[in-house]
Amino acid sequence: MTVFYRILIHMKSDPWLEKWMDLLREKSAGGILLELGCGSGWDTAELVSAGVNVIAADIARNKLPECAQAAPGAGILQLNLADPLPFSNHSMAVIIASLSLHYFSWENTMLIEAELRRCIQSGGILLARFNSTHDFHHGAASTEEIEPGFYQVGARAKRFFDKGSVKKFLHSWEIQFLEENVIQRYRNPKHVWEAMAVSN
Ligand SMILES: C[S@@+](CC[C@H](N)C(=O)[O-])C[C@H]1O[C@@H](n2cnc3c(N)ncnc32)[C@H](O)[C@@H]1O
């Protein structure tokens, strides 16, 4: 990893993975951690730097080279979460989806959840962050409702989750951690739900 990205990680104002890193390393040892919606690879870089074997995936073709540069050694893949995932059953030790599961109708959100369950190993973990219904600076105040919890926010449709909808999403998982947090990586604070759940 370049010195530039090491400095970026150090400066990262959203160090949410720190407390999970030991668990992620332990759970993914000898296996694969799949990161869905990796974006520019801030989390990917941290994971690779910690010695985790990562496949980082995103729909945005322009983000993937940035991710590859930030996280040399990660497998990089372009995919659309709205499609079936291109992985065999129970092939992933860990799945991370940070702020990437909110672009879909509820029906499609639950189809994605079914795909996550299909791909995760028994006893594997899902670590995810979701836009909160309290995320007023980032669209939760929108009045353009498409369906319950799902709003038009500028050019994009975005879902905002309350505790109940995160639990509904994770109904087939054993939830071990669920907390609402405020993160400071944008100009305005962002409210998110952070969840860690184990596959049954
Ligand atoms: C808010 S960013 C989060 C990026 C990163 N996980 C993080 O927390 O910094 C959401 C990411 O999800 C990706 N994304 C949006 N829709 C997607 C889809 N249908 N399939 C795969 N990735 C998608 C976007 O391209 C973007 O990189």
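How exposed is L99, counting the other C-beta atoms within 10 Å? L99 is partly exposed, because there are 18 other C-beta atoms within 10 Å. For the cut-offs: buried takes 20 or more other C-beta atoms within 10 Å of a residue's own, exposed takes 12 or fewer, and partly exposed is in between, with C-beta atoms placed from the backbone.

Okay, some housekeeping. This is a predicted model, where local features need pLDDT of at least 70, side-chain atom pairs count only at pLDDT 80 or more, and totals for chains, interfaces and linings use all residues. Residue numbers start from 1 along each chain, as its sequence is written.

Back to L99, then. L99 sits in the loop between β4 and α5, and its phi is positive, about 60°, even though it isn't a glycine. H90 is another non-glycine with a positive phi, about 55°. You'll find H90 in the loop between β3 (75-78) and β4, and it's partly exposed because 14 other C-beta atoms lie within 10 Å.

Now the whole chain. We've got 6 helices and 10 strands; those are DSSP runs numbered from the N terminus, H or I with at least four residues for helices, E with at least two for strands. The C-alpha trace spans about 45 × 40 × 30 Å along its principal axes. The radius of gyration is 16 Å, which agrees with the value near 16 Å for a compact globule of 200 residues. That's taken over C-alpha atoms, and the globule rule is 2.2 Å times the number of residues to the power 0.38. Of the 200 residues, 36% are buried. Take contacts between residues at least 6 apart in sequence: 61% of them join residues at least 24 apart. Contact here means C-beta atoms, placed from the backbone, within 7 Å.

For a close-up, go to I96, in strand β4. I96 counts as buried because it has 27 C-beta neighbours inside 10 Å. Skipping neighbours within four places in sequence, I96 is in contact with L33, E35, D43 and L127. L126 is 30 residues away from I96 along the chain, yet their C-alpha atoms are 5.8 Å apart.

D43 takes us to helix α3, where it is one of the buried residues. Helix α3 covers residues 42-49, and 7 of its 8 residues are buried. Right after α3 comes G51, with a positive phi of about 90°.

Helix α5 runs over residues 106-119, so to speak a 14-residue piece, reaching 20 Å from first C-alpha to last, close to the expected 20 Å at 1.5 Å a residue. The expected span is 1.5 Å times one less than the number of residues. Which residues of α5 are buried? T109, I112, L116 and C119. They cover an arc of only 85° around the axis, so they sit on the same side of α5; the arc is that of the directions from the helix axis to the C-beta atoms. An α-helix has 3.6 residues a turn, so residues three or four places apart point the same way. What covers those buried residues of α5 includes β4 (92-98), β5 (120-131), β8 (156-159) and α6 (163-169). On the face turned away from the buried side, α5 carries the exposed residues E107 and A114.

Last stop, the ligand. There are 17 residues around it, and G37, G39, I59, L81 and S98 come nearest; being near means a C-beta atom, placed from the backbone, within 6 Å. By class, that shell has 9 nonpolar, 5 polar and 3 charged residues. Nonpolar means Ala, Val, Leu, Ile, Met, Phe, Trp, Tyr, Cys and Pro, charged means Asp, Glu, Lys and Arg, and the others, Gly among them, are polar.

Terms used: Two residues are in contact if their C-beta atoms, placed from the backbone, lie within 7 Å.
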